[in-house]
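Thanks, everyone; I would like to walk you through one model today, starting with its charged pairs and then moving on to the sheet. Please have the structure open while I talk.

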Amino acid sequence: MLLHNLRRSPASGSVSFLVGNGFFCRKSQRVVNRCSFRISNSSLPSIEQLSDARVIYSVAPSMGHNQESHPESHFRVPSIVNALEEMKLTPKFRGSEIIELQHFEPASVDDIASVHARAYVFGLEKVMDQAMEKGLILIEGSGPTYATSTTFQESIVAAGAGLALVDSVVAASKIKRDPPTGFALIRPPGHHAVPQGPMGFCVFGNVAIAARYAQRVHALKRVFIIDFDVHHGNGTNDAFYDDPDIFFLSFHQDGSYPGTGKFDEVGTGDGEGTTLNLPLPGGSGDTAIRTVFDEVVVPCAQRFKPDIILVSAGYDGHVLDPLANLQFTTGTYYMLASSIKQLAKDLCGGRCVFFLEGGYNLKSLSYSVADSFRALIGDQSLASEFDNPNILYEEPTAKIKQAIQRIKHIHSL
């Protein structure tokens, strides 16, 4: 594997990838230092910083991984970063409450191969030359997942950004009872990527890689993964389907891409019962999700007794998102972030990291992530300034109740 060092230009703020003996620049990336640790010693937040922080986040926008007019575009992460700046939710405005982790190393081949087949990892690296010649190639057969010449490098940086947050949150949990929550503002997303390859805009399974990393590096044996993306996280589902120590819980729109995540997909072998899939009818919204959280997520997590909670945070369930048909609002995401943070505090010493997945309306995406940040630092929601209740319609209450009762029966909740 090539080693990829990132160096920031003090004048321009851009970053150069060191690949072999050559450089190429990619603006808006974050600095990455190769070292024996996920975060360089000089860049690890101090004990004082960690003790004061409520949110710690990392940014990996993968600016070179882009296809014109594709919904999973390189504007997604910058739009979030701009919103955080405009809403004064950055270290510049909030001081020690919020930390941006800027120095982290890419995920290694071993990190990626803890979830994905090595043949896929090395194969993707090899086709970068082909992508450079053609400008863009499809890497999922006729599917929607593409690659450019920078996709491999930027994808391992994105995965590494999440692993660095796991390190930071675990370190903080050793010095305080209420550590900061991590939030990886990264792309490409990951929860559709299956062990054998890419799928559904996703290249590497960022949250799955982080789960294995938490187990291997930090001895956090029991990992609870909550996936609230509108689409079923089939890649994460498949990676841990027979694993009793990783609980994967997804609630998603019934009948949406990729068509998996049925009620009866509960795990197999030793992992039977540690996969929970709740397909919700189109039109489900805030009321449905509050009930799902209280009656399904909380009792599952309490029974499982996790050592850390990881979150596949997809914002494509928003009523304004073009790729689905749920009625989540900015306020729904505030509620989810606040509730998950409290759940982690109650069950696993506050250890919790969010990973950006979907969300394709840039405005609803950026506002909803910003309100998630407010929830995590304990500020009041400003969802009412963005959400328009007049565009909502009545939720299919009977179908929602039926779905919840069915999943509670299957999993004896």
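**Salt bridges, a buried serine and the sheet**

Let me begin with Arg 118 and Asp 110, whose side chains meet in a salt bridge at 2.6 Å, N to O, where a salt bridge means a side-chain nitrogen of Lys or Arg within 4 Å of a carboxyl oxygen of Asp or Glu. Before I go on, this is a predicted model, in which local features need pLDDT of at least 70 and side-chain atom pairs count only at pLDDT 80 or more, while totals for chains, interfaces and linings use all residues. Residues are numbered from 1 along each chain as its sequence is written, and side-chain values use heavy atoms, with hydrogens and water left out.

Arg 118 is partly exposed, at 41% relative accessibility, and Asp 110 is partly exposed too, at 48%; here buried means under 20% relative accessible area, exposed over 50%, and partly exposed in between, with a 1.4 Å probe and protein chains only. By the salt-bridge rule the count comes to 13, and among them is the pair Glu 85 and Lys 92, at 3.6 Å from N to O, in which Glu 85 is partly exposed at 33% and Lys 92 is exposed at 65%.

The salt bridge between Lys 408 and Glu 295 comes in at 3.0 Å, N to O. This pair links distant parts of the chain, 113 residues apart, with Lys 408 in helix H13 (residues 397-410) and Glu 295 in helix H10 (residues 286-304); helices (H or I, at least four residues) and strands (E, at least two) are DSSP runs numbered from the N terminus. Lys 408 is buried at 17%, whereas Glu 295 is partly exposed at 31%. There is also a network of salt bridges, which links Arg 54, Arg 94, Glu 97 and Asp 379.

Is Ser 364, in helix H12 (residues 362-377), buried or exposed? Ser 364 counts as buried, at 0% relative accessibility, and, leaving aside residues up to four places away in sequence, Ser 364 touches His 318, Leu 320 and Phe 386, contact being heavy atoms within 4.5 Å.

Turning to the sheet, eight strands form an open, parallel arrangement in the order E5-E4-E8-E13-E12-E9-E10-E11, where two strands pair if DSSP finds at least two bridges between them. The edge strands, each pairing on one side only, are E5 (98-100) and E11 (275-280). Within the sheet, five bridges join E9 (residues 223-227) to E10 (residues 246-253), and Ile 226 stands opposite Leu 249 in E10.
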